[in-house]
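Okay, thanks everyone for coming. Let me put the structure up, and then I'll walk you through a few spots in it.

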Amino acid sequence: MDESTQRFATAQTAAFVAAHVPLRGARVLEVGCGDGDLAACLAARGAEVVGVDVSADAVRRARARGVDARHADFLAFRDAPFDAVLCTRSLHHIHDLDAAVERAFALLRPGGTLLLDEFDLAAVDAPSLRWYFDLRFLVRDVAGGAGGALIEDDVLGAWRDEHAHEPPLHEGAAMIAAVERRFGRARIERGPYYWISICSAPTPIPLPPGMAEAIWRLETLRIRQGSLRANGLRVLARA
Ligand SMILES: C[S@@+](CC[C@H](N)C(=O)[O-])C[C@H]1O[C@@H](n2cnc3c(N)ncnc32)[C@H](O)[C@@H]1O
């Protein structure tokens with residue numbers, strides 16, 4: 001992800017977290033912290049943040065920026081209770097899903113907050129995917145990036161192929177059901193997410209600053225007007 005996209009993505013997720021968790025002094029766990037950009041941002045806002053990631057390289061990069069990042073599989077991660085557990089685009093990867101949600105519950109203090117900032121692989125339709133692939137082609141073609149091929153025809157098939165994974169990625173309904181089985185009723189928000197998929201692939205030329213935000217604005221507008229189906233998924237639950 002280029003720098004301006006990363007900055008905008010971090011600001012978006014940080015605003016979501018700050019809306020539900022009083023950050024100053026809070027003990028926060030980020031699951032799948034990657035390079036630690038969000039963790040560093042939340043720490044700068046007064047939280048005591050621990051990041052966990054299964055990728056040793058990601059943990060090395062997060063530590064290099066001062067994040068308390070731990071190299072572990074979340075399913076085996078143990079620590080003192082947290083005020084909040086954040087899964088930032090990571091839960092859709094973790095098998096077994098119920099075990100991951102159980103781990104999050106066990107790591108929260110009573111009344112603590114679980115937040116998922118995710119995408120729903122199944123929340124797509126052909127017109128939305130046509131918009132996504134066309135825009136992605138335009139953006140990545142200009143920046144000379146890989147994966148920017150023009151999808152002429154079968155957009156649903158192209159989407160399925162791109163997300164074929166072993167083991168399969170979890171769909172939104174499965175994540176929501178797993179959270180509600182353990183936590184009870186959760187609060188669900190659907191919103192923009194294609195902008196991240198469009199802007200996050202590495203490109204030889206950095207995207208113009210403001211590109212991610214411009215696509216986010218466009219996507220938000222089209223969702224509101226009903227011509228795009230939202231595939232961003234945010235979930236909030238209390239232990
Ligand atoms: C799509 S990346 C998201 C990274 C970052 N949170 C972001 O939003 O840019 C998913 C991250 O989850 C991590 N991850 C996947 N499975 C995991 C597991 N079982 N335990 C801990 N981390 C995991 C991956 O290594 C990766 O860094």
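**The pocket, a helix and two buried residues**

So, let's start with the largest pocket: 29 residues line it, and the ones nearest its centre are Met1, Arg89, Tyr193, Ile196 and Ser200. Keep in mind that this is a predicted model. The space in that pocket comes to about 770 Å³. Which elements give two or more residues to the lining? Those are helix H1, residues 3-20, helix H2, 37-44, helix H5, 126-142, and helix H8, 194-199. H1 has the largest share, with 4 residues. As for the character of the lining, we have 12 polar residues, 9 nonpolar and 8 charged.

Now, staying with H5 for a moment, have a look at Ser128, which sits in that helix. Is Ser128 buried or exposed? Its relative accessible area is 0%, so it's buried, the cut-off being under 20%. The Ser128 side chain has a polar contact, at 2.6 Å, with the side chain of Asp125. If you skip the neighbours within four places in sequence, Ser128 also touches Tyr194, Ser227, Leu228 and Arg229.

Next up, helix H4, which runs over residues 97-107. The buried residues here are Leu97, Ala100, Val101, Arg103, Ala104 and Leu107, and yes, there's an arginine on that list. Look down the axis of H4 and those buried residues fall within an arc of 155°, so they line one face of the helix. What covers them? Among the elements doing that are strand E1 at 27-31, strand E4 at 82-88, strand E5 at 108-119 and helix H7 at 172-183. And check out the N-terminal end of H4: Asp96 caps it, with a side-chain oxygen 3.1 Å from the backbone nitrogen of Asp98.

Last stop, Ala237. You'll find it in strand E7, residues 232-238. Ala237 has a relative accessibility of 1%, so it counts as buried. What is Ala237 in contact with, leaving aside neighbours within four places in sequence? The list is Gly112, Thr113, Leu114, Val179, Phe183 and Ala186. And if you want a distance to orient yourselves, take Ala9: it's 228 residues away from Ala237 along the chain, and the two C-alpha atoms are 22 Å apart.

That's my tour. Happy to rotate the view if anyone wants another look.

Key: Residues are numbered from 1 along each chain as its sequence is written. This is a predicted model: local features need pLDDT of at least 70, side-chain atom pairs count only at pLDDT 80 or more; totals for chains, interfaces and linings use all residues. Side-chain values use heavy atoms; hydrogens and water are left out. Buried means under 20% relative accessible area, exposed over 50%, partly exposed in between (1.4 Å probe, protein chains only). The arc is that of the directions from the helix axis to the C-beta atoms. Contact means heavy atoms within 4.5 Å. A polar contact is a pair of N or O atoms within 3.5 Å; within protein, one must be able to donate a hydrogen and the other to accept it, and residues adjacent in sequence count only if both atoms are side-chain atoms. On a 1 Å grid over the protein atoms alone, a cavity is a set of points where a 1.4 Å probe fits but cannot get out, and a pocket is an open set with protein on both sides within 12 Å along at least five of seven lines; lining residues have an atom within 4 Å of a point. Grid points are joined across faces, edges and corners, and a volume is the space filled by probe spheres set on the points. Ala, Val, Leu, Ile, Met, Phe, Trp, Tyr, Cys and Pro count as nonpolar, Asp, Glu, Lys and Arg as charged, and the others, Gly among them, as polar.
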